[in-house]
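Biologist: Could you teach me how to read the way helices and strands pack together? I would like the general idea and then the case at hand.

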Amino acid sequence: MAIPENIINSIRDRADIVEIIDSILPLKKIGANFKALCPFHHEKTPSFVVSAQKQIFHCFGCGEGGNVFHFLIKHQNMSFVDAVKYVASIVGIDVPDSDMSSDYKDILALNKTVADLYSQNLVSEDAGKCRSYIESRGLKEDTLKTFNLGYAPESWDFLVKKLRAKGFQQQHLFKAGLVARGKDGNSFYDIFRDRLIFPIVDHTEKV
């Protein structure tokens, strides 16, 4: 997805690099700048400096530096687009999703539906063994809800049937890595069976 240059510039101009980095890596004000131990290499004396005036960071130990986007890309392992969107969400600027492919949108919607199905299934009779395992590990109900944990039943076609009924296409299930193709080449079966499920959610709440 290509974000217009003027929008990127507006987002960067409105962002406060000190505030954003400090929310991830606590900074200490020293003079006009802010310092911390560098997150990109091991050190005992802080050489990682963030400039509020220049809106950049620089480590005098390892040489890493750049603007707020570069920090998020390097430290949070974000793509450039995700870094821009993350900062945009903080500063209150909307980034259009018009360039997002239809397939990608469908798979994101599919993943959210699947996570919810597995979560609902965690309280079913089929999940008794899984619930016992969860209790043995000391996980509380609040934790299950916070991370939307779920249970994939032993059935070979739980997702195939549920999602077909909801109108999702099997090709999207296959692309999302949720089902595998049978030996006949025409049928599909669930990949996740009899498993405790931990949905992975990104910083924009997409599964």
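Modeller: Happily, and let us begin with handedness in this predicted model. Helix α2 crosses α3 in a left-handed sense.

Biologist: What describes two packed helices in general?

Modeller: Packed helices are described by the angle between their axes and by the distance between those axes. Here, α2 and α3 pack at about 15 degrees, and their axes are 10 Å apart. That angle makes α2 roughly parallel to α3, because angles under 35 degrees count as roughly parallel.

Biologist: Which residues of α2 and α3 meet?

Modeller: From α2 come I17, I20, I21 and I24, and they meet V68, F71, L72 and H75 of α3. Sorted by class, this contact has seven nonpolar residues, one polar and no charged ones.

Biologist: Next, α3 and α4. At what angle do their axes cross?

Modeller: The crossing is at roughly 120 degrees, and the axes come within 9 Å. So α3 is oblique to α4. The crossing of this pair is right-handed.

Biologist: Which residues make the contact between α3 and α4?

Modeller: On the α3 side they are V68, F69, L72 and I73, while α4 brings F80, A83, V84, Y86 and V87. The classes here are nine nonpolar, no polar and no charged. Look back at V68 and L72 for a moment: they take part in the contact with α2, and they also appear in the contact with α4.

Biologist: And how do α1 and α4 cross?

Modeller: Helix α1, residues 5–14, and helix α4, residues 80–91, have axes that come within 9 Å and cross at roughly 55 degrees. That makes α1 oblique to α4. Their crossing is left-handed. I8, I11 and R14 of α1 touch F80, V84, V87, A88 and V91 of α4. By class, this contact holds seven nonpolar residues, no polar and one charged.

Biologist: Let us turn to the strands. In what order do they form the sheet?

Modeller: Follow the pairing from one strand to the next. Five strands make an open sheet in the order β1-β2-β3-β4-β5, with antiparallel pairing. At the edges are β1 (28–30) and β5 (65–66), each pairing on one side only.

Biologist: How many bridges join β2 to β3?

Modeller: Four bridges link β2, residues 33–36, with β3, residues 48–51, and these strands run antiparallel. To find one on your screen, take K35, whose bridge partner in β3 is V49.

Biologist: Where does helix α2 lie relative to the strands?

Modeller: Helix α2, residues 17–24, lies across β2, β3, β4 (56–59) and β5. Relative to β3, α2 runs at about 145 degrees.

Biologist: One last feature, the aromatic rings. How many aromatic pairs are there?

Modeller: The count comes to 10 aromatic pairs, taking ring centres within 6.5 Å as the rule. For a ring pair, look at the distance between the centres and then at the angle between the planes. F40 and F71 have ring centres 6.1 Å apart and planes at 65 degrees, so this pair is edge-to-face.

Biologist: Where in the chain do F40 and F71 sit?

Modeller: F40 is in the loop between β2 and β3, whereas F71 belongs to helix α3, residues 68–75. The two are 31 residues apart, so to speak a link between distant parts of the chain.

Notes. Residues are numbered from 1 along each chain as its sequence is written. This is a predicted model: local features need pLDDT of at least 70, side-chain atom pairs count only at pLDDT 80 or more; totals for chains, interfaces and linings use all residues. Side-chain values use heavy atoms; hydrogens and water are left out. Axes are lines fitted to C-alpha atoms, for helices over the stretch in contact, and angles run from 0 to 180 degrees between N-to-C directions. Angles under 35 degrees count as roughly parallel, over 145 as roughly antiparallel, 65 to 115 as roughly perpendicular and the rest as oblique. A crossing is left-handed if the near helix is turned anticlockwise from the far one by less than a right angle, and right-handed if clockwise. Contact means heavy atoms within 4.5 Å. Ala, Val, Leu, Ile, Met, Phe, Trp, Tyr, Cys and Pro count as nonpolar, Asp, Glu, Lys and Arg as charged, and the others, Gly among them, as polar. Two strands pair if DSSP finds at least two bridges between them. Rings of Phe, Tyr and Trp (its six-membered ring) pair if their centres lie within 6.5 Å; planes under 30 degrees apart count as stacked, over 60 as edge-to-face and the rest as tilted.
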